[in-house]
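Biologist: Could you take me through how the chains of this model meet? I should like to begin with the areas and then go on to the individual residues.

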Amino acid sequence: MSVPFVFALAGAALFVIAFYGVFMHAHLLRKIMALNFMGSGVFLVIGGLARRTSGVLADPVPQALVITGIVVAVAATAFLIVLMLQVQTVTGRPELPSSDQD
Amino acid sequence: MSTLIWWLDVTLAASLVTVAWQAMGSTDLFRAIALFVAFGLLMTLTWVRLDAIDVALAEAGIGAGFTGALLLAGLARLHRQDDRRRRETEQTEPGS
Amino acid sequence: MAHILLPAGLLPFALGLAAAVLDLPERSVGLKPLVEAKAAASGVENLVTAVLLNFRGYDTLLEVAVLSLAIVGIWSVAVMPRRRAGAPDPVLAYLVRILAPFMILLGAWLLWAGSYGAGGAFQAGAVFAAALVLVLLAGGRMGAADRGWPARTALMAGLLVFAAVGAATMAGGRFLEFPTRSAGGLILLIEAAAAVSIGFILASAFRGGRPAGTPQ
């Protein structure tokens, strides 16, 4: 198994593990972290597969996509953290209200 | 020589998944965020191995560094808001 | 119940994902030949910068727009938390006083080097943001300058310059279609504005809300 596929498979595994984490954790900060891990998994798959070119240089278009993705992920994380702090201000806990309340 | 490099790559990929697992499974949030920053550093190494230097710079600066700083600031503010709320409820209900 | 259902459903998903990844051909030229063919006309030597700022410039414009939207969202939702009372750590203050100018210099260099090697607007913007956050942590205050139009212009400059360059290129050709002669200069202009904006946007996002006293 060549190098690109090693990292692409690691990215796929990371995506699935983090997907589980987003759903199972109740604490919002953990959900945000798991979301970031999911993003990193996707970037690994894209960037890993970009290395499949023969030659010294890798395919630059997927790398540009990954850079864009990293920046968008940090923007989303920043906004989500502010929303999480607002949730805690309103409900008192950094967790979404569960369905067995009300 | 190339099999040695291959094992390096496999170790790096396995470390990525392991650190992510540890970070998500950790009970202490501060430890989880510290592991997240470590994960970002491992990602930077991965990007260098994948010949994506620009992505490595972006991941180190924005992905590992800035997201880690945001998460830590968020955690600190969570605790501070929690302490403030606890102090306010104690003031409105003096004694027990 | 979800503890069992979710992993049970995720396992075939994971296996399918692994199969889909492994199914791809071992070698693939991708879009590299197309990029290399046009690299000379793009105005920069770094292939990734050429793709980001020239060939897929519209994506990057929208990315800067997403960042600007994030800071608008943060400013709409929350007010900046009050500063903690007490003097900042003197060791940190001393260190930042030495480090911050070098970090700004490093960011400027990364911006310039993006045309020829590794670097670019986003990497430079991250270093600028780090310098600003360090100054904030060491006790730097902006006072009334937070709310004024210089701060707001710095936040939106990247998006405005990018869109303005795009609109200007519509005069000769299509939106964001750079003429070959001035492509390098235009890319550097866009990158400079974007890097400054990204630095300010990220540092503002770190502070966590709009300055107190700003009308909503």
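Modeller: This is a predicted model. Chain A and chain C bury about 3,400 Å² between them, and 79% of that area is on carbon and sulfur atoms.

Biologist: Which residues of chain A lose the most area to chain C?

Modeller: Those are Phe5(A), Arg52(A) and Pro60(A), which together make up 17% of what that side buries.

Biologist: Which helices of chain A supply at least two residues each to the side that touches chain C?

Modeller: Helix H1 (3-24), helix H2 (28-50) and helix H3 (60-91) of chain A each do so. H3(A) gives the most to that side, with 15 residues.

Biologist: And what is the make-up of that side of chain A by class?

Modeller: The side of chain A that touches chain C has 26 nonpolar, 6 polar and 2 charged residues.

Biologist: How many residues does each chain bring to that contact?

Modeller: Chain A brings 34 residues and chain C brings 39 residues.

Biologist: How many salt bridges and polar contacts are there between chain A and chain C?

Modeller: The salt bridge count between chain A and chain C is 0. For polar contacts, 10 residue pairs are found across that interface, with both residues at pLDDT 80 or more.

Biologist: Let us turn to chain B and chain A. How much area do they bury between them?

Modeller: Chain B and chain A bury about 3,600 Å², with 77% of it on carbon and sulfur atoms. On the chain B side, Met24(B), Leu50(B) and Leu78(B) supply 19% of the area buried against chain A, more than any other three residues. The contact takes 43 residues from chain B and 42 residues from chain A.

Biologist: How many salt bridges are counted there, and which residues take part?

Modeller: The count between chain B and chain A is 1 salt bridge. Asp51(B) pairs with Arg51(A), and their closest N and O atoms are 2.6 Å apart.

Biologist: Which elements of chain B give two or more residues to the side that touches chain A?

Modeller: They are helix H1 (2-25), helix H2 (29-49) and helix H3 (53-92) of chain B. H3(B) gives the most to this side, with 17 residues. By class, the side of chain B that touches chain A has 27 nonpolar, 7 polar and 9 charged residues.

Biologist: How do H3(A) and H3(B) lie, roughly parallel or roughly antiparallel?

Modeller: Their axes come within 10 Å and cross at roughly 0 degrees. Angles under 35 degrees count as roughly parallel, so H3(A) is roughly parallel to H3(B). The residues of the contact of these two helices divide into 17 nonpolar, 8 polar and 5 charged.

Biologist: One last topic: how many salt bridges are found over all chains?

Modeller: A search of the whole structure finds 5 salt bridges. One of the salt bridges joins the side chains of Arg49(B) and Asp9(B), at 2.6 Å from N to O.

Biologist: Which parts of chain B does that pair tie together?

Modeller: Arg49(B) lies in helix H2 of chain B and Asp9(B) in helix H1 of chain B, so the pair ties together parts that are 40 residues apart in sequence.

How values were computed. Residues numbered from 1 in each chain as written. Chains lettered and ligands numbered in written order. Predicted model: local features only at pLDDT ≥ 70, side-chain atom pairs only at ≥ 80, totals over all residues. Heavy atoms only, no water. Contact = heavy atoms within 4.5 Å. Buried area = accessible area lost by both parts, 1.4 Å probe. Salt bridge = Lys/Arg side-chain N within 4 Å of Asp/Glu carboxyl O. Polar contact = N/O pair within 3.5 Å; in protein donor to acceptor, adjacent residues only side chain to side chain. Helix = DSSP H or I, 4+ residues; strand = E, 2+ residues; numbered from the N terminus. Nonpolar A, V, L, I, M, F, W, Y, C, P; charged D, E, K, R; others polar. Axes fitted to C-alpha atoms, helices over the stretch in contact; angles between N-to-C directions. Parallel < 35°, antiparallel > 145°, perpendicular 65-115°, else oblique.
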